[in-house]
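Please look over the sequence and the model below before reading on. The report that follows describes selected parts of the chain.

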Amino acid sequence: MKEFELIKHFFAEQIVKRKDVLLGIGDDCALIQPGERQHIAVTTDTLVAGVHFPLETEPRAIGHKAIAVNLSDLAAMGAEPAWVSLALTLPEADEAWLKEFCAGVFELCEYYNVQLIGGDTTQGPLSITVTAQGITPADKYLLRSGAKSGDWLYVTGELGDAALALKHLQGKVKIEEVFTEQVMTKLNYPKPRVLAGQALKEYASSAIDLSDGLISDLQHICQASKVGANLVLDALPLSKVMTDTLKQQQAIELALSGGDDYELLFTVAEDNKVGMETSLAHAGINITCIGQINGSEKITTTLDNKPVSISSRGFEHFSGKEGDQGAAHQSDPQS
């Protein structure tokens, strides 16, 4: 199957057809028409086989994750996802692989009313690059740079399960069979916190999605906002499989440095705390307060109300160094 036949067969037809897409797949460019007083948020992520996902990962999971990690970036800005472009590099045009890959892509696109509006296909080592675009009101969106001293630090969901799944695949830990599917789903099918981001833009002072590990992404907020933070380690939301599989110190280190969580880390001023908690509770989104912002421009950590030092760090591309997990993760393009 040649390139244009491949595009027509697998990508041109889709369920989602947005009214703001004037021209989608099939021309040199797509044409989109946002509403008045709206900004377009744009993000791009690349997933490379053997770096961002194990080589044996099923194609449906790869398609899902390629879209999910980009929608997670939009969620951190409080943006409503709208359009994606996909550049796909394949070793060969394997039709069975492509059918499952597209199922993963379009399932998530349909769920969030996102339209694929263009892209590219080429031959080479397997990699996927997605550019996602979303819409925010011109006067209301989230940044990393808005945290203030006294703000409370929150995170959605639970931390570390995806990193634990990767350790299991690498043979570094053994997970009870009853929990294996749970953690593998966290790794292969992350859920972007789009609804949480929509709610948080009304209350949060800053936000970031957790791709490279909690401690690394918290540093991004602190650096952008010129603030510090105290992180309460025994407040970190850990799943039962994490606490059953690892000792406390190991579980905390994995939650801090593991990456691939795609939860939202955000800050909220005292005056907005109750409103935010009520709004997210009504939306059925679990959140945990894990610390507080201060003016020190340093990150400190406590355990059992006592100061402790940590050595964990998130993944950094090209550094030659990794966090405790020992595997690369999707890097935020705005880092």
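## Cysteines and the chain as a whole

Cys-222 counts as buried because its relative accessibility is 7%; buried means under 20% relative accessible area, exposed over 50%, and partly exposed in between (1.4 Å probe, protein chains only). Cys-289, at 28% relative accessibility, counts as partly exposed. The structure is a predicted model, in which local features need pLDDT of at least 70 and side-chain atom pairs count only at pLDDT 80 or more, while totals for chains, interfaces and linings use all residues. Residues are numbered from 1 along each chain as its sequence is written, and side-chain values use heavy atoms, with hydrogens and water left out.

A disulfide is a covalent bond between the sulfur atoms of two cysteines. Here the term is applied to a pair of cysteine sulfur atoms within 2.5 Å, and a search of the whole structure finds zero of them.

The chain has 335 residues, of which 52% count as buried. It contains 10 helices and 13 strands. Helices (H or I, at least four residues) and strands (E, at least two) are DSSP runs, numbered from the N terminus. Contact means heavy atoms within 4.5 Å. Among contacts between residues at least 6 apart in sequence, 84% join residues at least 24 apart. The chain exposes about 15800 Å², and carbon and sulfur atoms supply 50% of this area; accessible areas come from the Shrake-Rupley method with a 1.4 Å probe, and for residues only the protein chains shown count as cover.

## Two helices

Helix H3 covers residues 95-111. Its 17 residues should span 24 Å at 1.5 Å a residue, and the end C-alpha atoms are 24 Å apart, which agrees. The expected span is 1.5 Å times one less than the number of residues. Buried residues of H3 include Trp-97, Phe-101, Cys-102, Phe-106 and Cys-109. At the N-terminal end of H3, Asp-94 acts as a cap, with a side-chain oxygen 3.1 Å from the backbone nitrogen of Ala-96.

Helix H7 (residues 214-225) has 12 residues and reaches 16 Å from its first C-alpha to its last, close to the 16 Å expected at 1.5 Å a residue. Nine of these 12 residues are buried, so H7 is largely enclosed by the rest of the structure. Among them are Leu-214, Asp-217, His-220 and Cys-222.

## Positive phi angles

Most residues other than glycine have a negative phi. The table gives four residues with a positive phi.

| Residue | Phi | Place |
|---|---|---|
| Asn-113 | about 55 degrees | just after H3 |
| Lys-226 | near 55 degrees | following H7 |
| Asp-260 | near 65 degrees | loop between helix H9 (248-257) and E10 |
| Asn-305 | about 65 degrees | loop between strand E12 (299-303) and strand E13 (306-308) |

Which of the terms buried or exposed applies to Asp-260? At 3% relative accessibility, Asp-260 counts as buried. Asn-305, at 78% relative accessibility, counts as exposed.

## Aromatic pairs

Rings of Phe, Tyr and Trp (its six-membered ring) pair if their centres lie within 6.5 Å; planes under 30 degrees apart count as stacked, over 60 as edge-to-face and the rest as tilted. By this rule there are three aromatic pairs. In one of them, the rings of Tyr-111 and Tyr-112 have centres 4.8 Å apart and planes at 80 degrees, so the pair is edge-to-face. Tyr-111 is exposed, with a relative accessible area of 65%.

The rings of Tyr-154 and Phe-266 have centres 5.6 Å apart and planes at 10 degrees, so this pair is stacked. The pair links distant parts of the chain, with Tyr-154 in strand E7 (residues 152-156) and Phe-266 in strand E10 (residues 264-268), 112 residues apart. Tyr-154 is buried, with a relative accessible area of 2%, and Phe-266 is buried, with 0%.

Tyr-154 is also among the residues in contact with Lys-273, together with Trp-152 and Val-268, when neighbours within four places in sequence are left aside. Lys-273 is in helix H10 (residues 273-282).

## Gly-78

Gly-78 lies in the loop between helix H2 (59-76) and strand E4 (80-90). At 0% relative accessibility, Gly-78 counts as buried. Leaving aside neighbours within four places in sequence, its contacts are Thr-136, Leu-142, Gly-197, Gln-198 and Lys-201. Gly-78 and Ala-199 are 121 residues apart in sequence, and their C-alpha atoms are 7.6 Å apart in space.

How values were computed: A polar contact is a pair of N or O atoms within 3.5 Å; within protein, one must be able to donate a hydrogen and the other to accept it, and residues adjacent in sequence count only if both atoms are side-chain atoms.
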